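Me: I would like to learn how to read a protein model one feature at a time. Could you take me through a few of them slowly?

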Amino acid sequence: MDHAALQAEAVQRIAAAETPDAVEALRVEFLGKQGSISGLLKTLGAMSADERQSAGPRIHALREAVTAALAARKGALQGAAMEARLAAERIDLTLPAPAAPRGSVHPVSQVMDELAEIFADLGFAVATGPEIEDDWHNFTALNMPESHPARAMHDTFYFPDAGPEGRRMLLRTHTSPVQIRTMLKAAKASPGGAPLRIIAPGRVYRSDSDATHTPMFHQVEGLVIDRGIHLGHLKWTLETFLKAFFERDDIVLRLRPSYFPFTEPSVEVDVGWQEVKGPNGSRRMLGGDGDAPGHGWMELLGSGMVNVRVLEAGGYDPSEWQGFAFGIGVDRLAMLKYGMDDLRAFFDGDARWLAHYGFSAFDQPTLSAGVGAISTGAGA
Ligand code: DAH
């Protein structure tokens, strides 16, 4: 058999193959299980040792040459296909890139960041407490004993089982229990008490639902304790905070006597608004004296001087320390500042609402109280 002629013919046919499929067909024809060269290899077994010594190397050389020719042709065809694709395909790098979906910061988170920013300027730290509370921290320590009527007004979600200390467990109905927890911690570190300046923003829960009430909502609590604290400090702090928050210098507050079990005296704080006419009718804008014509007052928050019993429950000596506290609805603040009118939409998780009312993650609040820290105690 003329192996050289066989090889020449095979190599020539492989070189002439025009597609990868044609190359593959030739591989099967020569080297496949039933292939002609595979057939030749099988004949080696039946040869005498002498025959095999001369035929063996030639058949193996033939197989090597054909294998190499197949690989070379396959490589050449693939290279040509790539060249053709590169020549045919074009990307226009000047086209705008497709928009990547972007999340947004919820108005409640934005407002909480704004609060932390403003109060940090006034020397307040941010404190937190558990949302699953016990009735001692949520009520009793805040001067609302078991039979106190204010307890019933809170529409509390209770848990069926008592807590580890035998206390009734509940979802906190306000952020005020953080006052107690913060005081107890401070009084543990320095017996008798120590100055405190905190805000405590967070979720609170009440069994209530309509356009302005949701079973979960947000409050921010404020607490200042020091020596020589009086109502003037409270008023100045709230005024400074609200001016910075609403970014208006003409915010006017009205303090009304009120009642909360945890403060004495207690004050409810109203803020003046005015009717502003625009292209789509008129709307109420905060700012200005609420008693002026076309103006009015809107109730905004509760506050007062920390009740002596609350100081005691927090481990403070009331003969040495005074304090003021306040509590505000964070969702309400967001609605007033950013113009939403249905609280329920805050918690629907509707991406369209969020796209409309949400904030860019790069939109860091830059609000500042624009004053030094509140000065209290020391000089009094
Ligand atoms: N905890 C009260 C509520 O949820 C709000 C409040 C009123 C908080 C007066 C205070 C305060 O700290 O002094 O209705």
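## Reading pockets and charged side chains

Reply: Gladly, and please keep in mind from the start that this is a predicted model. We can begin with a single residue, R206, whose place is in the loop between β5 (196-205) and β6 (216-226).

Me: Is R206 buried or exposed, and how far away is the nearest side chain of opposite charge?

Reply: R206 is buried yet takes part in no salt bridge, and the nearest side chain of opposite charge, D155, lies 6.5 Å away. A salt bridge requires a side-chain nitrogen of Lys or Arg within 4 Å of a carboxyl oxygen of Asp or Glu, so a separation of 6.5 Å does not qualify. The side chain of R206 does, however, reach the backbone oxygen of T173, at 2.9 Å.

Me: How many salt bridges are there by this rule?

Reply: The count comes to 22 salt bridges, and we can look at examples. In one of them, the side chains of R13 and E9 meet at 3.9 Å, N to O. These two residues are four apart in helix α1 (residues 3-16), so about one helical turn separates R13 and E9. R13 is partly exposed at 31% relative accessibility, and E9 is also partly exposed, with a relative accessible area of 43%.

Me: Which parts does the salt bridge between E133 and R181 tie together?

Reply: The side chains of E133 and R181 meet in a salt bridge at 2.6 Å, N to O. Because E133 lies in strand β2 (residues 132-134) and R181 in helix α8, the pair ties together parts that are 48 residues apart in sequence. E133 counts as buried, at 1% relative accessibility, whereas R181, at 28%, counts as partly exposed.

Me: Where do E247 and K337 lie, and how far apart in sequence are the parts that this pair ties together?

Reply: Here the side chains of E247 and K337 meet in a salt bridge at 3.4 Å, N to O. E247 lies in the loop between α9 (231-246) and β7 (253-260), while K337 lies in helix α11, so the pair ties together parts that are 90 residues apart in sequence. With 55% relative accessibility E247 counts as exposed, whereas K337, at 18%, counts as buried.

Me: Which residues do salt bridges that share partners join into one network?

Reply: Such salt bridges join E133, D134, E165, R167 and R181 into one network, and R181 will appear again when we turn to pockets.

Me: How does one find empty space in a model, and which residues line the second largest pocket?

Reply: The general idea is that rolling a probe the size of a water molecule over the atoms shows where empty space is left. In this structure, about 150 Å³ of space lies in the second largest pocket, and the residues that line this pocket are A127, T128, H137, R181, T182, L184 and K185. Helix α8 (residues 177-189) gives the largest share of the lining, four residues. By character, the lining divides into two nonpolar, three polar and two charged residues.

Me: Where is D350 placed, and with which side chain does the side chain of D350 make a polar contact?

Reply: D350 has its place in the loop between α11 (330-338) and α12 (351-357), and the side chain of D350 makes a polar contact with the side chain of R352 at 2.7 Å. With a relative accessible area of 26%, D350 is partly exposed.

Terms used. Residues numbered from 1 in each chain as written. Predicted model: local features only at pLDDT ≥ 70, side-chain atom pairs only at ≥ 80, totals over all residues. Heavy atoms only, no water. 1 Å grid on protein atoms, 1.4 Å probe; cavity = no way out; pocket = protein on both sides within 12 Å on 5 of 7 lines; lining within 4 Å. Points joined across faces, edges and corners; volume = space filled by probe spheres on them. Nonpolar A, V, L, I, M, F, W, Y, C, P; charged D, E, K, R; others polar. Buried < 20%, exposed > 50% of the residue type's maximum accessible area, 1.4 Å probe, protein only. Lys, Arg positive; Asp, Glu negative; His and termini not counted. Polar contact = N/O pair within 3.5 Å; in protein donor to acceptor, adjacent residues only side chain to side chain.
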